[in-house]
Amino acid sequence: MYYTIKWNGESVSMIDQRLLPMEEVYRTYTNYRDVAEAITDMVIRGAPAIGIAAGMGIALAAKKTDAKDAASFKKEMEGVFAMFGGTRPTAVNLFWTINRMRAVVERAGDIEGARAALEAEAVGILEEDIKINRQIGKNGARFLKDGDVVMTHCNAGALATGGYGTALGVIRAAVEEGKRIEVYACETRPYLQGARLTAWELLKDNIRVTLITDNMAGHFMRTGIVKKVVVGADRIAANGDTANKIGTYTHSVLAREHGIPFYVAAPISTLDPATPDGSAIPIEERGVDEVAYIAGVQVAPEGVFVKNPAFDVTPAANITAIITEKGVVENPAEKGIGGFF
Ligand code: MRU
């Protein structure tokens, strides 16, 4: 059985998601700088998984520091937090983890105590995440009916989390309840998380999955094939506006047009009450080669201008419900996420 990320005591291992589905390779890092680079380079990706990796990277940094007193240790750790904070800007889970790790440093009596507590916190965040996803699944499964075709975008599965997944967790839980669910996985250009990752992990679980290109979504909605849409999230603003993988917004507009329920499944750590609405969510811009090349093959002429925003914002008005481990907000456009804080 594969795993997304694992703590080994003195190192952290993760499956290299850049190579999936063709190769199943695990990378082991002993240096926190390499963990930060692994996040930036997409060895590991997906909002909760990024947070978990950062937590483990921070725990590694604490083990390797040669700081002699509490003040210099704290200063060094602030540098480490800043380095992880600069890896990817959109997924708020990263900053949620950093804040948790900072609070551990503040509470700790001495450097040795801080090291042990940071390690325990990082491992705890991973273990918690898997439980949280199972609860999200339980809370969301009731929205899926036996026989449904459910469309998803990007990868909000086991690979994007500590395990089980958020959007795919809802689907897994419905399947575990005995419902027959078929998933339509959008390929998710430009990085192909749907084609490469969602298809791979659902096949491993024997969940029926059909791959479609992103521009087929409207067709399968209009013809009545797709019954529900479930996606994950990278950051949910106070008013319910939701940043997720680029293309999610388009699907939400199509779903609304066709009267198809559109669900967002995410842990509480993805909710960001400090960000009032979607316009304040930072959107990561990634390299142009992701668009101009597919799997290393150039598909656009040299010299063309290219844009590559990695995320877009779905307005709360297009979301039927936000499913979390603490409960469900139906019609978030009316209520926002305030009920959870
Ligand atoms: O760029 P990525 O692959 O990190 O983007 C991931 C997504 O957009 C996921 O849908 C989101 O992080 C939710 S993961 C449970």
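**Exercise 1.** Determine the order of the strands in the open four-stranded sheet, and find which of them lie at its edges.

*Solution.* In this predicted model, where local features need pLDDT of at least 70, side-chain atom pairs count only at pLDDT 80 or more, and totals for chains, interfaces and linings use all residues, the order is β11-β8-β9-β14, with mixed pairing. Residues are numbered from 1 along each chain as its sequence is written, and side-chain values use heavy atoms, with hydrogens and water left out. Strands (E, at least two residues) and helices (H or I, at least four) are DSSP runs numbered from the N terminus, and two strands pair if DSSP finds at least two bridges between them. The edges are β11 (271–272) and β14 (311–314), each of which pairs on one side only. Strand β8 (residues 235–237) runs parallel to β11 and is joined to it by two bridges; I236 has L271 of β11 as its bridge partner.

**Exercise 2.** Identify the members of the largest nonpolar core that touch the most other members, and the element that gives the most to this core.

*Solution.* A nonpolar core is a set of buried (under 20% relative accessible area, 1.4 Å probe, protein chains only) Ala, Val, Leu, Ile, Met, Phe, Trp, Tyr and Cys residues joined through side-chain atoms within 4.5 Å. Among the 42 residues of the largest core, M14 and F84 touch the most other members. Elements that give two or more residues include β2 (12–15), α2 (47–64) and α3 (70–85), and α2 gives the most, with twelve. A second, separate core has 25 residues, including Y164 and L168.

How values were computed: Buried < 20%, exposed > 50% of the residue type's maximum accessible area, 1.4 Å probe, protein only.
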